[in-house]
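Morning, everyone. I have one structure to walk through, and I'll keep it brisk. Please bring it up on your screens.

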Amino acid sequence: MPCYEEASFIQEHPHIRFNPLKDDWVLVSPHRAKRPWQGQVEKKEEETIPRFDPKNPLCPGATRAGSKVNPDYKGTFLFTNDFPAILEDTPAPAVSDDPLFQSAAAQGTCKVMCFHPWSDITLPLMEIKDIKAVVDAWADLNADLGQKYAWVQIFENRGSIMGCSNPHPHCQVWASSFIPNEPAVKQKSQKAYFEKYKKPLLIDYLQKELQKKERIVLETKHWVWLVPYWATWPYETMLLPRRHVLRLQDLTHEERERFSSNNEEAADKIGIAAKGYEFKTNSRQLENNICQSSSNEEPY
């Protein structure tokens with residue numbers, strides 16, 4: 001079998017790439033980009049979103065499920081999800097001795113955080129001071145819930161293409177008594193890498209990407225926004241701090257400010273400021289975790 005230089009090979013030939021975080025492989029088929037498309041072509045959405053809609057349950061002063069009334073908030077607004085996926089007082093199921101039918105307790109809480117009182121704006125288009133306020137609120141919430149729960153997941157699904165039913169700028173926060181499958185695998189992989197190489201996996205990876213300069217979207221004094229080598233989606237990025245940061249609340253004031261301005265600038269570069277995307281954070285909770293704090297954005 002002939003051997004090609006990496007740059008030429010990965011641009012022309014199908015191959016698989018290793019994802020060290022998930023300990024699995026991703027199939028990459030660059031030659032299929034030349035395939036003609038005769039399927040459905042989506043029309044550009046011309047949606048006009050009102051700045052305030054009294055019938056929108058996320059707007060200031062609006063009434064939510066159960067006759068709950070929102071305050072007339074001017075910044076961020078946090079409340080417990082009216083339809084949570086997990087509950088704090090869920091009882092544990094009976095223990096089964098059948099290895100094929102196993103259940104375990106799933107306790108936790110689900111929060112909703114509104115970013116801004118206006119409905120006709122997205123996080124990347126907000127003023128930097130307002131984005132900074134969101135980051136600060138994330139850090140405080142992560143610290144608070146992290147004292148009680150094994151895992152805290154902050155994520156935003158933006159746009160109807162992502163299944164988001166409400167255009168008002170907001171995210172969800174799920175805190176659980178268990179570590180979900182994907183972060184559990186990433187934790188195991190990063191711990192194994194650290195034990196073998198005595199360096200955090202993502203710090204090592206970041207340094208090599210900075211040397212290659214092939215997938216960098218934006219780099220600043222504190223942050224680097226890049227496309228992972230193992231990216232699965234057509235538009236998938238990872239935002240990494242330049243230093244080893246374990247938790248969102250460990251970010252300095254300056255790092256949080258630069259995070260806010262980076263969000264706006266990088267989102268503008270890849271053209272997702274007003275389109276659909278998924279954003280999620282990864283941050284250590286338990287004391288025995290080796291994970292480095294990062295955030296992933298997978299726009300569509």
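Which ring does the charged end of Arg51 sit over? Look at Trp118: the charged end of Arg51 lies over that ring, 3.6 Å from the centre. A word of caution before going on: this is a predicted model.

There is another arrangement of this kind. Find Arg64. Its charged end sits over the ring of Phe79, and the distance to the ring centre is 3.9 Å.

Now the aromatic pairs. The structure holds 10 of them. Take Trp138 with Phe279. This pair is stacked, with 5.6 Å from centre to centre and 20 degrees between the planes. The two residues come from distant parts of the chain. Trp138 belongs to helix H2, residues 128-146. Phe279 belongs to strand E10, residues 277-282. That puts them 141 residues apart.

Are these two rings' residues buried or exposed? Trp138 counts as buried because its relative accessible area is 2%, under the 20% cut-off. Phe279 has 3%, so Phe279 is buried as well.

Next, Trp223 and Phe259. Their geometry is edge-to-face: 5.2 Å centre to centre, 70 degrees between the planes. This pair also links distant parts of the chain, 36 residues apart. Trp223 is in strand E8, residues 223-226. Phe259 is in helix H5, residues 253-269. Both Trp223 and Phe259 are buried.

How do these rings fit together? Trp138, Phe279, Trp223 and Phe259 join Phe115 in one aromatic cluster.

Keep Phe115 in view, and turn to His170. An unreviewed UniProt entry annotates His170 as "active site". I'm quoting the record there.

Where does His170 lie? In strand E6, which covers residues 170-176. The relative accessible area of His170 is 13%, so with the cut-off at 20% this residue is buried.

What is His170 in contact with, leaving aside neighbours within four places in sequence? Phe115 is on that list, and Phe115 is also part of the aromatic cluster. The other contacts are Leu58, Val112, Met113, Cys114, Glu156 and Cys164.

One last detail on this histidine. A polar atom of the His170 side chain lies 2.6 Å from the backbone oxygen of His168.

To recap: Arg51 has its charged end over Trp118. Five aromatic residues, Phe115, Trp138, Trp223, Phe259 and Phe279, form one cluster. And Phe115 is in contact with His170, the residue that the UniProt record marks as "active site". Thanks, that's my slot.

Methods
Residues are numbered from 1 along each chain as its sequence is written. This is a predicted model: local features need pLDDT of at least 70, side-chain atom pairs count only at pLDDT 80 or more; totals for chains, interfaces and linings use all residues. Side-chain values use heavy atoms; hydrogens and water are left out. UniProt positions are given in the numbering used here, feature names are shortened, and annotations may be inferred rather than shown by experiment. Helices (H or I, at least four residues) and strands (E, at least two) are DSSP runs, numbered from the N terminus. Buried means under 20% relative accessible area, exposed over 50%, partly exposed in between (1.4 Å probe, protein chains only). Contact means heavy atoms within 4.5 Å. A polar contact is a pair of N or O atoms within 3.5 Å; within protein, one must be able to donate a hydrogen and the other to accept it, and residues adjacent in sequence count only if both atoms are side-chain atoms. Rings of Phe, Tyr and Trp (its six-membered ring) pair if their centres lie within 6.5 Å; planes under 30 degrees apart count as stacked, over 60 as edge-to-face and the rest as tilted. A charge sits over a ring if NZ of Lys or CZ of Arg is within 6 Å of the ring centre and within 35 degrees of the ring normal.
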